[in-house]
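Biologist: I've got a new structure to show my first-year class. Could you walk me through it, one question at a time?

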Amino acid sequence: MILPVRKTQHPQAKVGHQGWLKTPSIVTALFFSLSANVKAKQDPITYDIPNVTAEITFDGELDESVWQQAKKIDMDIVNYPYDNTKSPVKTTAYLFEDGENLYIGFIAEDPHPEKIQGFYRDRDDAFSDDIVGIKLDTFNDDRLAYKFFVNPLGVQNDGITNEMTGDENNLWDGIWPAYGKITDKGYQVEMAIPYRELNFDENIDIKTWGFELIRIYPRDTILRISNMPINKNDYCWVCQMDDLRGFQDAKLGKNLLVTPSLVYSYEEERDLYAPDDAGQEWQDSDDTDVGVNVRWGITPDILLNATINPDFSTVEADNGQLSVNKTSALFFPEKRPFFLDNSEYFSTPFNLVYTRNIINPDWGAKLTGRSGNHSFAGFVTNDDSTSLIMPGNLFSTVANIDEESFSGAFRYRYDVNDDLSFGAITTIRDSDNYENLVAGIDTKYKITQSDTIIAQLLHSQTTYPQQLLDSYCPGGNCYLASLVGIDDDEFDDIAYQIEYEHSTEDWRFHNKYEDIGKEFRSDLGFQVHSDYNKFSSTLNRFYYSDQHWWSTLTFGAQYSISHNDDDELISKTQSISASAEGPWQSFFDLVLTHEDRVGLRYDSNDASIDDNTTRFSLSYADFIAEAQPLPNVFVGLSGRVGEGIDYLNDREGDIYELAPFISWNVTAHLETELTLVYAELEADGDFVYRENIADLRMTYAFDINNLLRLSMVYTSAEYNQNNNPQLFGIDGDEDNLATELIYSYKLNPQTVFFLGYSDNSIDNREVGSLKQNQRNVFMKMSYAWM
């Protein structure tokens, strides 16, 4: 299923698990600039940064005398979507440092200040606004880069780019002051980046950091304005950054952050399926937790995070996702600060660290750091239960083991030089009767400026408890083919992948092969496949123009084929695609696909595919259209139309999936976002199911620190009893309504106060009408002592 592309999504094009299709829209392609993927620095300009000690007031004025002593740098190059052309607006940056902070001031002029797009939003939600900021590679080794951006009203956006994996961690939050102010000539920003938020080699006398200054100018076309040109034939943009030299007195100090927290919740629940009224009465409970988080920079290069009795809950509700007629476990992004801090250190080609598998630990510790060409990371936690994904080649699901478990991950990487790196990783999950251990090595080698090879080899060793096998294989008949032949003895297997990419300004060619053994398990990661081998190839051609209605055109062709270890076909896919970026910040994308795919097994206790499945020949179209017709309105529509599989009844059908989306900044303070999703499958002349999602989020930001947010997520599934011969255990329709109202005050990412209310209601034939079955009042406050 395809859901709308939001303007604040991750900048790189990826297909999310279970259907959140993230495509290279005009905004995602633009913010591709904030990420990177390979290396080749070409004659960077070196700027000497002055060291000045002075007091400044963060008011956006830049009127203190110290700004006259700062290094002045003009930002006058448009390097996306155009090819290093002259900027239509003037932007000037001023930089100096005082041994503890890097100070940056921006004067962003605009001939039409009334068109400036700046709204009060939550932190990290303003990437679609006018913004200015800086990228910093403090080791100047083209591996990681910090991002610090501010919109015209002072809303902060920060994160970390991992060049080695191409991943973005936009949920990383530093503690740094900033102020934005709109003027009659444009807008101005002041910001300071404390060195305690960075990692760098403190022992070097005169330090050289890679940097780039960026202004995003969203009008009819979104322009990326910078202080430096970009060679698009080099896929790695962070590798081309200029140098900032100086920082002789730069010190991290004690770099100790202690954050005590208090969490209180009062909850009421009732069993709407109880046979009598007394059984349906509300049952209440309350809970108070006091915890503490410690973030200690042991050295400038080594960071320790520790937490005792943490609040590992997510404050904001997850987005709604389609779940009917799906054959794979759903993916949910991590939002908890402990796991997000330096999470990019654990990234590898396989997703081996999916921390949403860790539900409710009562302590955790994490150590991350680097020394010279070596980087390392490790974390350990315990959990009061154990959640894991049960993978297969046709079907996967989530399982739970009623045992307390220990989880840990350990990662090491050695950079031989700028072009070659080797890494190793180990993950472990362990309880009384269960264990999963994964160990592996990986490498990345940049052959030329445009050609890269990435490879990884893994081995796993697993022991399942008998209770888990009994629940999925009662009486020896397994619901999952991947469990056939597995008992509670130890089993092991391997997985590997290798990929090659050629990327230039005009062409991108990508090949990838992965092989996951039947008995391979990476239970701390997001692994939905086993007994699965897949080859995929993609070819894209890009065109750019500043003379036509479109600014970028992309044409592509894709091919993939997957088998099990016995060389039995699972799927074969061929598709062609076309996309365009045009006026009103618009983006259009169309993908036409033909696919041969098998359904689910007739006999799940037989691991074979041939003669145990039906092979379907399917054709369908995926599309996305989005635009910003007004400065405060963003709209989108995505969907799929064509042929699909009714997995429950093992037959072909016609599928219709539509997802309109609108984001409306009613005022500078009030934002409304509405996503509607409709999915229907028809077979044998009638509908099989209809599923609807309505996801409404309304946010009123009083200022950059205080906001009130209402979230309502309604899901509805309607099943046709007369056209579902294999439908068991579901009687009619199922509706669910989850609401949440939160007030939040954030002085910084760690000093916060939340007060909220949430409830959940269900409706089906047994319940009768939409009735509450759960409601909760909660409060959380924490304070960062530095």
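Modeller: Sure, and keep in mind that this is a predicted model. Let's start with the inside: the largest nonpolar core has 59 residues, and I134, F148 and M191 have the most contacts within it.

Biologist: Okay, take M191. Which aromatic residues are among those M191 touches?

Modeller: Leaving aside residues up to four places away in sequence, M191 touches I134 and F148, among others. Those two are also listed with M191 for the most contacts inside the largest core. As for aromatic residues, the ones M191 touches include F58, Y103, F106 and W176.

Biologist: Why would a core like that form at all?

Modeller: In soluble globular proteins, nonpolar side chains tend to end up buried together. Here the largest nonpolar core has 59 residues. There's also a second, separate core, which includes A399, L468, L469 and Y472, and its size is 15 residues.

Biologist: Let's move on to the cysteines. How many disulfides are there, and which residues form a disulfide?

Modeller: A disulfide needs two cysteine sulfur atoms within 2.5 Å. The sulfur atoms of C473 and C478 are 2.0 Å apart, so this pair fits the cut-off. The count comes to one disulfide, formed by C473 and C478.

Biologist: Is that disulfide of C473 and C478 right-handed or left-handed?

Modeller: You look at the torsion about the S-S bond for that. For C473 and C478 it's about 105 degrees, so the disulfide is right-handed.

Biologist: And are C473 and C478 buried or exposed?

Modeller: Buried means under 20% relative accessible area. C473 comes in at 11%, while C478 has 5%. So C473 counts as buried, and C478 is also buried.

Biologist: Now for D129. Where is D129 found, and which backbone nitrogen lies 3.3 Å from a polar atom of its side chain?

Modeller: D129 is in the loop between β6 (101-109) and β7 (131-137). At 1% relative accessibility, D129 counts as buried. Among the residues D129 touches are Q117, R121 and N151. The backbone nitrogen 3.3 Å from a polar atom of the D129 side chain is that of F119.

Biologist: What about D419: buried, partly exposed or exposed?

Modeller: D419 sits in the loop between β23 (405-415) and β24 (420-430). Its relative accessible area is 32%, which falls between the 20% and 50% cut-offs. So D419 is partly exposed.

Biologist: Does the model leave any empty space inside, and which strand gives the most to the lining of the second largest cavity?

Modeller: Rolling a probe the size of a water molecule over the atoms shows where empty space is left. The structure holds seven cavities of 30 Å³ or more, and the second largest has about 90 Å³ of space. Its lining includes T138, N199, E344 and R370. The strand that gives the most, with three residues, is β8 (residues 144-150).

Biologist: Any quirks in the backbone? Which peptide bond is cis?

Modeller: Have a look at P81, in the loop between β4 (71-80) and β5 (85-97). Omega is near 0 degrees for the cis bond, which runs from Y80 to P81.

Biologist: Last one: what is phi of F247 near?

Modeller: F247 is in the loop between β15 (242-246) and β16 (256-269), and at 0% relative accessibility F247 counts as buried. Its phi is positive even though F247 is a residue other than glycine, with a value near 60 degrees.

Conventions. Residues are numbered from 1 along each chain as its sequence is written. This is a predicted model: local features need pLDDT of at least 70, side-chain atom pairs count only at pLDDT 80 or more; totals for chains, interfaces and linings use all residues. Side-chain values use heavy atoms; hydrogens and water are left out. Buried means under 20% relative accessible area, exposed over 50%, partly exposed in between (1.4 Å probe, protein chains only). Helices (H or I, at least four residues) and strands (E, at least two) are DSSP runs, numbered from the N terminus. A polar contact is a pair of N or O atoms within 3.5 Å; within protein, one must be able to donate a hydrogen and the other to accept it, and residues adjacent in sequence count only if both atoms are side-chain atoms. Contact means heavy atoms within 4.5 Å. A nonpolar core is a set of buried Ala, Val, Leu, Ile, Met, Phe, Trp, Tyr and Cys residues joined through side-chain atoms within 4.5 Å. On a 1 Å grid over the protein atoms alone, a cavity is a set of points where a 1.4 Å probe fits but cannot get out, and a pocket is an open set with protein on both sides within 12 Å along at least five of seven lines; lining residues have an atom within 4 Å of a point. Grid points are joined across faces, edges and corners, and a volume is the space filled by probe spheres set on the points.
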